[in-house]
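I sat down with this one over coffee and kept notes as I went. Here they are, in the order I looked things up.

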Amino acid sequence: MQHEAVANTEDFGGPDIVSGPARISQAGIDPPYAAYELGKPYDEMFAPDGKVRGPYAALDSRLSTLSLEELVRRQQSCEQSFLHQGITFTVYSDNRATERIIPTDLLPRIITAAEWARLEAGLTQRIVALNLFLRDIYTDGRVLKDGVIPRQLIYGSKHYRREMRGLPVPHGAYANICGSDLIRDETGDFVVLEDNLRVPSGVSYMLANRDVARRAFPAVFRSMGVRPIEHYPLELLATLRSLTPFTEDVSIAVLTPGVFNSAYFEHAFLARQMGVELVEGRDLLVNDNVVYTRTTSGLKRIDVIYRRIDDDFVDPLIFREDSALGVPGLFNAYRAGNVMIANALGTGVADDKAVYAYVPRLIRYYLAEEPILENVETFLCREETSLHHVLANLDKLVVKAVGESGGYGMLVGPHATKQERAEFAEKIKSDPDNYIAQPTIQLSTAPTFVGNGVEARHVDLRPFILHGAETKIVPGALTRVALRRGSLVVNSSQGGGSKDTWVLSQ
C-alpha cells in the first residue's frame with residue numbers, strides 16, 4: 001500500500017531548471033542540493049559549471065518540487081520493499097544472526113542511448129575475445145606459443161583447471177554469464193576496471209532497484225523512455241537452454257551453496273523467475289554419469305546446471321575433497337557430456353586481475369580489432385620494473401591481489417596509514433606475482449539521497465553479459481555506490497550500496 005501511495009502522489013512538472021551553481025554554492029537556495037559538492041571527479045548530473053546535464057533535467061525538475069520529508073518517505077518505501085522481498089544479507093556478531101537490508105538509493109543513475117551503444121559494442125567485443133582466449137588455453141595454446149601472454153601467468157594461476165583441457169564446450173562459450181565492472185574516467189568516458197567471469201552476482205539487485213525506483217518516480221520514468229530490463233531472466237533461461245543440443249524438455253537447475261550464502265536471495269530469485277529447480281549439492285546425485293535431482297515424485301534428470309559455487313567446491317572427487325557443497329561425480333558427468341555447467345569450470349583464469357592487463361592485446365590477437373573500451377592503466381608486480389614503481393608509489397596507487405574479489409586483499413594507498421602501506425609492501429615483496437597495481441582513480445559521482453539531502457557519491461557500473469549461442473546484454477546494469485562520503489569502495493560487504501540504472505531509448 002505504501003508503494004501505491006507513492007505512485008498516487010507523483011506528478012511530473014515543477015519549476016524550470018535552476019542553474020546548478022546557485023543551487024550548489026549558495027546553501028539554502030535549494031535544500032535538496034545544499035551539501036552537494038562538485039570536485040575533481042566527473043559528476044554525472046552536473047557539468048563543471050554547475051548546470052544540470054540534459055539527461056538529468058527531468059529528474060532534477062521533479063526533485064526540486066519535493067520536500068525533504070517526502071524524499072525520506074520515498075527512501076523508506078524503497079527500503080521496506082527490499083525488506084519484504086527478503087533482499088538482505090546476514091551479519092554474525094555476538095552469536096546472533098541479524099538480517100540487514102542491502103542499502104539502496106532511490107535516485108536513479110541515467111545513461112544515454114549513445115553511451116549505452118558504445119558500452120554494448122565494447123562488452124560484446126570483450127566477452128567474445130575472452131571466450132576465444134579460454135578455448136585457446138584449454139586446447140591448442142596458440143596464444144601462449146605466440147608469446148602474447150606469459151605461460152607462467154596462465155599455468156601458475158590458481159584458477160587454471162588442467163581437468164578442462166581438451167573438453168568440448170558448447171559454442172566455445174566458457175563464460176556464459178559475465179559481470180564486468182566499469183567506471184568513468186575524468187573525461188566522462190567509460191573504461192573497464194575488471195571482468196567477473198567466475199560466479200558474478202548482483203543481477204537480482206539490478207532488477208529489484210528498477211522496481212523501487214520506478215515506483216518512487218513513476219511519471220519521470222514514463223516520460224524519459226527508459227529501456228526495460230525485466231526480461232533478463234528469460235534471456236538467461238534462453239542462454240542456458242542454448243548450451244544443450246535439445247530444443248524441448250531441457251531441465252535446468254540453479255546450484256546454490258545454501259541459505260547461509262550472502263547471495264542466496266539472488267539464487268532463489270533467479271530460479272523462481274526462470275521457473276527452474278533451485279538445488280543444493282545434497283539434492284543432486286550422479287548415476288552412470290547422469291545427474292539427477294531428488295523430487296517428491298522421484299528422480300528427475302538435470303541437463304544444465306547454473307552453478308553459484310566456486311570451482312573448488314563443485315565435486316569433492318576431483319577438487320576439494322572436504323567440500324560438502326558439491327556433488328560427487330558431477331565432473332565426470334560433465335566430462336561425458338551428459339550435463340552442461342555454466343559458467344564452465346576454469347573460467348576464473350580469464351578474470352584474474354593480472355590477465356586483465358592483457359585483454360586489449362587479446363582483442364587485437366583474436367579479433368584483429370582495436371578495443372572499443374579501454375582498460376585502466378595496470379602495473380604487474382611480477383615485472384621487476386613495475387614492482388619497483390609500485391613499491392615507490394604505494395601512497396598513490398591501489399594494489400589488488402590478483403585472485404581476490406569483493407574489495408578484499410587490496411590496499412587503497414592514499415587512504416592507508418604509513419604503517420599499513422609498509423605492511424602491505426612486505427606482502428608484495430614476498431609474493432609479487434600475486435599483486436597488480438593501478439592509479440587511484442576518482443570514480444565518477446552521481447546524485448545520491450543520504451537522508452538529509454542529495455549529495456554526490458562515487459559510483460561504478462556492472463552490466464551483465466550473456467553468452468551462449470549468441471551474445472545478449474539487457475539495457476541496464478547494477479550501479480554500485482559508495483555511500484560513505486569520500487569513500488571509493490562500492491562493495492556492499494565494505495559499506496557500499498546500489499541504485500537503479502536508467503538507459504534511455506534515445
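**Entry 1: α8 against α11.** I began with helix α8, residues 203-216, and helix α11, residues 264-274, in this predicted model. I find their axes 9 Å apart, at an angle of about 75°. The range for roughly perpendicular runs from 65 to 115 degrees, so I note α8 and α11 as roughly perpendicular to each other. Next I listed who meets whom: α8 brings Val203, Ser204, Tyr205 and Leu207, and α11 answers with Phe265, Glu266, Phe269 and Leu270. Sorted by class, I get six nonpolar residues, one polar and one charged in this contact.

**Entry 2: α5 against α14.** I then turned to helix α5 (residues 113-137) and helix α14 (residues 359-367). Their axes cross at roughly 80° and come within 9 Å. I therefore put α5 down as roughly perpendicular to α14. On the α5 side I wrote down Gln125, Arg126, Val128, Ala129, Leu130, Leu132, Phe133 and Asp136. On the α14 side I have Val359, Leu362, Ile363, Tyr365, Tyr366 and Leu367. The class tally for this contact is eleven nonpolar, one polar and two charged residues.

**Entry 3: the cores.** Which residues have the most contacts inside the largest nonpolar core? I noted Phe133, Ile137, Val143, Ile149, Ile154, Met164 and Tyr334, in a core of 74 residues. The largest share of that core comes from α5, with nine residues. I picked Ile137 for a closer look: leaving out residues up to four places away in sequence, Ile137 touches Val143, Ile154, Tyr160, Arg165 and Val349. I also found a second, separate core, of 60 residues, which includes Tyr36, Leu66, Phe265 and Val454. Phe265 was already in my notes as one of the α11 residues that meet α8.

**Entry 4: Ile436.** I wanted one residue to follow in detail and settled on Ile436, in strand β17 (residues 435-439). Is Ile436 buried or exposed? Its relative accessible area is 1%, and the cut-off for buried is under 20%, so I count Ile436 as buried. Its list of partners, again without residues up to four places away in sequence, runs to Lys353, Ala354, Thr378, Phe379, Leu380, Cys381, Val398, Val399, Lys400 and Val402. For Cys381 I also looked up the C-alpha separation from Ile436, which is 5.5 Å, with their positions 55 residues apart along the chain.

**Entry 5: backbone oddities in loops.** I went looking for unusual backbone geometry and wrote down three places.

- The peptide bond from Ala342 to Asn343 is cis, with omega near -15°. I place Asn343 in the loop between β13 (340-342) and α13 (353-356).
- His171 is not a glycine, yet has a positive phi of about 60°. I find His171 in the loop between α7 (151-155) and β4 (177-179), and a relative accessible area of 48% makes His171 partly exposed.
- Ala368 is not a glycine either, and its phi is positive at about 55°. Ala368 sits in the loop between α14 and β14 (379-380), and at 71% relative accessibility I count Ala368 as exposed.

**Entry 6: Gly86.** While I was on loops, I checked the one between α4 (68-85) and β1 (88-93), where Gly86 lies. Gly86 is partly exposed, at 30% relative accessible area. From its C-alpha atom to that of Ile102, 16 residues apart along the chain, I read 9.5 Å.

**Entry 7: the whole chain.** Stepping back, I count 16 helices and 23 strands in the protein chain. Of its 506 residues, 55% are buried. Among contacts with a separation of 6 or more, 68% are between residues 24 or more positions apart.

**Entry 8: confidence.** Last, I checked how far the predictor trusts this model. The pLDDT averages 88 over the protein chain, and 90% of the residues score at least 70. Where does the pLDDT stay under 50? I marked residues 1-23, for which the model has 58 contacts beyond four places in sequence. Residues 25-29 also have a pLDDT below 50, and that stretch has four contacts beyond near neighbours in sequence.

Definitions and conventions
Residues numbered from 1 in each chain as written. Predicted model: local features only at pLDDT ≥ 70, side-chain atom pairs only at ≥ 80, totals over all residues. Heavy atoms only, no water. pLDDT = per-residue confidence, 0-100. Contact = heavy atoms within 4.5 Å. Axes fitted to C-alpha atoms, helices over the stretch in contact; angles between N-to-C directions. Helix = DSSP H or I, 4+ residues; strand = E, 2+ residues; numbered from the N terminus. Parallel < 35°, antiparallel > 145°, perpendicular 65-115°, else oblique. Nonpolar A, V, L, I, M, F, W, Y, C, P; charged D, E, K, R; others polar. Core = buried A, V, L, I, M, F, W, Y, C linked by side-chain atoms within 4.5 Å. Buried < 20%, exposed > 50% of the residue type's maximum accessible area, 1.4 Å probe, protein only.
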